[in-house]
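Hi,

Here is the structure I promised to pass along. Have a look at it first, and my notes on what turned up are underneath.

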Amino acid sequence: MAVVAPAPGGHAVKRRGLRLAFSLAISAVFLAAAVRNVDWNEAGAALRTANYLYILPMLPVTVWTLYIRAQRWRVFLRAVGVPPMRILVAATNIGFMANMVLPLRVGEVVRPVLVSRREGLPLSGVLASALLERIFDMFTILFLFGVAASIVPVSDEIRQWGGMLTGVAVTVGGAVALVRWQEDLALGLVRRICGVLPPRLGQPVVGFAAGFVKALGMLDRPASFVRAFAWSLYLWVAIATLYVFAFLAFHLAVPMLVGAVVLTAVVAIAVSVPSAPGYIGSFQLGCVLGLAIFAVAESEALAFSIVVHLTQFVAVIGAGLYSLWTENVSLREVESVEQRDGAMA
């Protein structure tokens, strides 16, 4: 999977600097919001009294979620190609590590580019499969939030949010199904809209839309949709398990099932915003907002977020470094892939 890295030009360096400044600004705003009412003495006390034995299982579970992502990605790639699991695991590990050390979630581009280059698959189709993953992610976490809020005793406010988000999830799923079974109509609409744009803007959009429709070919029958949804449920339940361990570590009086699902959904939405490397700021704000639903003080929630965030950082970086070593790829090469091929994407 070795990549030859060209020296970045002046425009690339400037663009990279602007991206970094933008991502740091977003994270600074989020972090300021997260720590606004924090009592640092209380946060320190929460860190001192936590039972860190419950944190240890979070390391292997985090790595396991990366493997689940690679398994699920293979399902979404079925209409484009079926790469070996070794390649998908390596690209997933490296891509998520890139999200931890590079700004603006560039790992979302790095991951498909690495697979496309290694396996000779069309980049538009591989990118589209990654977008399809994100759509199923959104569908699944909103669905889980809605179901959990409906079946577990919670406040009326959470129940209302659950009903609303379940409706959003159903709408998203219906839109994907409509595009899948009305491909010609959807592509025709995209071409007409892009026809009024300059070619340098319209053509990439049309190419991506065509790749996305091709990736939707894996939804060739209702059973395929159910299979993809089942993999997504498996993934997000595994991710929610991380928060269960953290609740136990910090002795939080939070309902395990609904608390883990709600927090997973809120944090996932927060970190979806492009920000500084490692989701700094957005992760903390997501934890503070999610735990506030269950009346957890901001100081305790911030301490909770620091430990969970650090644990995930260590696990993801470790998995990424392992894959860099086994695939003979350097971090500089990964960044160059994003700069060169990501711009084309």
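Below are my notes on the empty spaces and on a couple of the helices.

One thing to keep in mind: this is a predicted model.

**The largest pocket**

I started with the open space. The largest pocket holds about 870 Å³. Its lining is made up of 34 residues, and those closest to the centre are Arg 69, Arg 105, Glu 108, Arg 134 and Val 271. If you want to find the walls by helix, the elements that each put two or more residues into this lining are α3 (58-76), α4 (85-101), α5 (107-119), α6 (123-151), α10 (222-249), α11 (256-271) and α13 (298-327). Which of them gives the most? That is α6, with seven residues.

As for the chemistry, the lining of the largest pocket splits into 24 nonpolar residues, five polar and five charged. Set that beside the list for the centre, where Arg 69, Arg 105, Glu 108 and Arg 134 turn up along with Val 271.

**A helix from that wall**

I also took a look at α11, since that helix is on the list of elements lining the pocket. α11 has 16 residues and spans 22 Å from its first C-alpha to its last, close to the 22 Å expected at 1.5 Å a residue. Is α11 mostly covered or mostly open? Mostly covered, with 13 of its 16 residues buried.

**The closed space**

How many cavities of 30 Å³ or more does the structure hold? Just one. The volume of the largest cavity is about 40 Å³, and the residues around it are Ile 135, Phe 136, Phe 139, Val 172, Gly 173, Val 176 and Phe 225. Two or more of these lining residues come from each of α6 and α7 (156-181). So α6 shows up in both places: in the lining of the pocket and in the lining of the cavity. By type, the cavity lining has six nonpolar residues, one polar and no charged.

**Two sides of α2**

Last, have a look at α2, residues 40-49, where Ala 43, Gly 44 and Ala 46 are buried. Viewed down the helix axis, the buried residues of α2 fall within an arc of 155°, so they line one face of the helix. The general rule behind this kind of pattern is that an α-helix has 3.6 residues a turn, so residues three or four places apart point the same way. On the face of α2 turned away from the buried side you will find Asn 41, Arg 48 and Thr 49, which are exposed. And what covers the buried residues? α13 is included in the cover over α2, and α13 is also among the elements lining the largest pocket.

Cheers

Note on methods:
Residues are numbered from 1 along each chain as its sequence is written. This is a predicted model: local features need pLDDT of at least 70, side-chain atom pairs count only at pLDDT 80 or more; totals for chains, interfaces and linings use all residues. Side-chain values use heavy atoms; hydrogens and water are left out. On a 1 Å grid over the protein atoms alone, a cavity is a set of points where a 1.4 Å probe fits but cannot get out, and a pocket is an open set with protein on both sides within 12 Å along at least five of seven lines; lining residues have an atom within 4 Å of a point. Grid points are joined across faces, edges and corners, and a volume is the space filled by probe spheres set on the points. Helices (H or I, at least four residues) and strands (E, at least two) are DSSP runs, numbered from the N terminus. Ala, Val, Leu, Ile, Met, Phe, Trp, Tyr, Cys and Pro count as nonpolar, Asp, Glu, Lys and Arg as charged, and the others, Gly among them, as polar. The expected span of a helix is 1.5 Å times one less than its number of residues. Buried means under 20% relative accessible area, exposed over 50%, partly exposed in between (1.4 Å probe, protein chains only). The arc is that of the directions from the helix axis to the C-beta atoms. Contact means heavy atoms within 4.5 Å.
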